[in-house]
Amino acid sequence: MSLYSKILVAVDLTEEAPQVLRKAVTLSQQNNAELLLTHVVEPVGYAYGGDIPMDLSELQDQLDKAAREQLAAYGKEYGIAEDNQIVAVGRPESEIHHLSEERGVDLIVVGSHGRRGIQLLLGSTANGVLHGAKCDVLAVRIR
Ligand code: AMP
């Protein structure tokens, strides 16, 4: 029985990403579901609070390009169509919600570090995605 027809996996492009990606690929195969892959590039202005009097657009372009290249490499390795490799710019949680609604996704897959205590209070992307998602969310425990 197929539980899901369209799965979105969000990756942060660290060395942990393949752990999340592999589970999403297996789930999509088991469910015969379409798989979408995304990475959200955070606007560089956020990181520097707009305090630095310099043009950050070139840096932003380089981050976008690096993300596209990495998603293309994953796409090739895991058989994800080019149209389903999506680089967005903004806050990861909001962009992941937006994309999942726009593309009619029924399962979002993210990684989770299983934070506890104060770290949990400070929040994580997995938490942020879970709260406000209009579909199921799978948090893959990162080891
Ligand atoms: P974090 O809470 O930042 O440690 O991230 C946990 C998980 O959230 C990652 O394994 C990804 O699935 C997802 N994630 C974090 N940052 C991003 C990002 N910039 N774009 C897409 N997914 C992300």
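Author: Ala, Val, Leu, Ile, Met, Phe, Trp, Tyr, Cys and Pro count as nonpolar, Asp, Glu, Lys and Arg as charged, and the others, Gly among them, as polar. The model discussed here is predicted.

Reader: By class, which residues does the lining of the largest pocket have?

Author: The space in this pocket comes to about 390 Å³. Its lining has 22 residues, and Ala10, Val11, Asp12, Gly111 and Thr125 are the closest to the centre. Sorted by class, the lining holds ten nonpolar, eight polar and four charged residues.

Reader: Which elements give two or more residues to that lining?

Author: Both helices and strands appear on the list. The elements are helix H1 (17-31), E2, H4, E4 and helix H6 (125-130).

Reader: Where does the ligand sit, and which residues are the closest to it?

Author: The ligand sits in the largest pocket. Around the ligand are 13 residues, divided into six nonpolar, five polar and two charged. Strand E2 (34-41), helix H4 (92-102) and strand E4 (107-112) each supply at least two residues of this shell. The closest residues are Ala10, Val40, Gly111, His113 and Thr125.

Reader: How much of the area that the ligand exposes when taken alone does the protein bury?

Author: Polar contacts first: a backbone N or O atom of Ala10 is 2.6 Å from a ligand oxygen, and a side-chain N or O atom of His113 is 3.0 Å from a ligand oxygen. For His39, a side-chain N or O atom lies 3.5 Å from a ligand nitrogen. Taken alone the ligand exposes 480 Å², and the part of that area buried by the protein is 88%.

Definitions and conventions. Residues are numbered from 1 along each chain as its sequence is written. This is a predicted model: local features need pLDDT of at least 70, side-chain atom pairs count only at pLDDT 80 or more; totals for chains, interfaces and linings use all residues. Side-chain values use heavy atoms; hydrogens and water are left out. A residue is near a molecule or strand if one of its heavy atoms lies within 4 Å of it. A polar contact is a pair of N or O atoms within 3.5 Å; within protein, one must be able to donate a hydrogen and the other to accept it, and residues adjacent in sequence count only if both atoms are side-chain atoms. Accessible areas come from the Shrake-Rupley method with a 1.4 Å probe; for residues, only the protein chains shown count as cover. On a 1 Å grid over the protein atoms alone, a cavity is a set of points where a 1.4 Å probe fits but cannot get out, and a pocket is an open set with protein on both sides within 12 Å along at least five of seven lines; lining residues have an atom within 4 Å of a point. A molecule sits in a cavity or pocket if more than half of its atoms lie within 2 Å of its grid points. Helices (H or I, at least four residues) and strands (E, at least two) are DSSP runs, numbered from the N terminus. Grid points are joined across faces, edges and corners, and a volume is the space filled by probe spheres set on the points.
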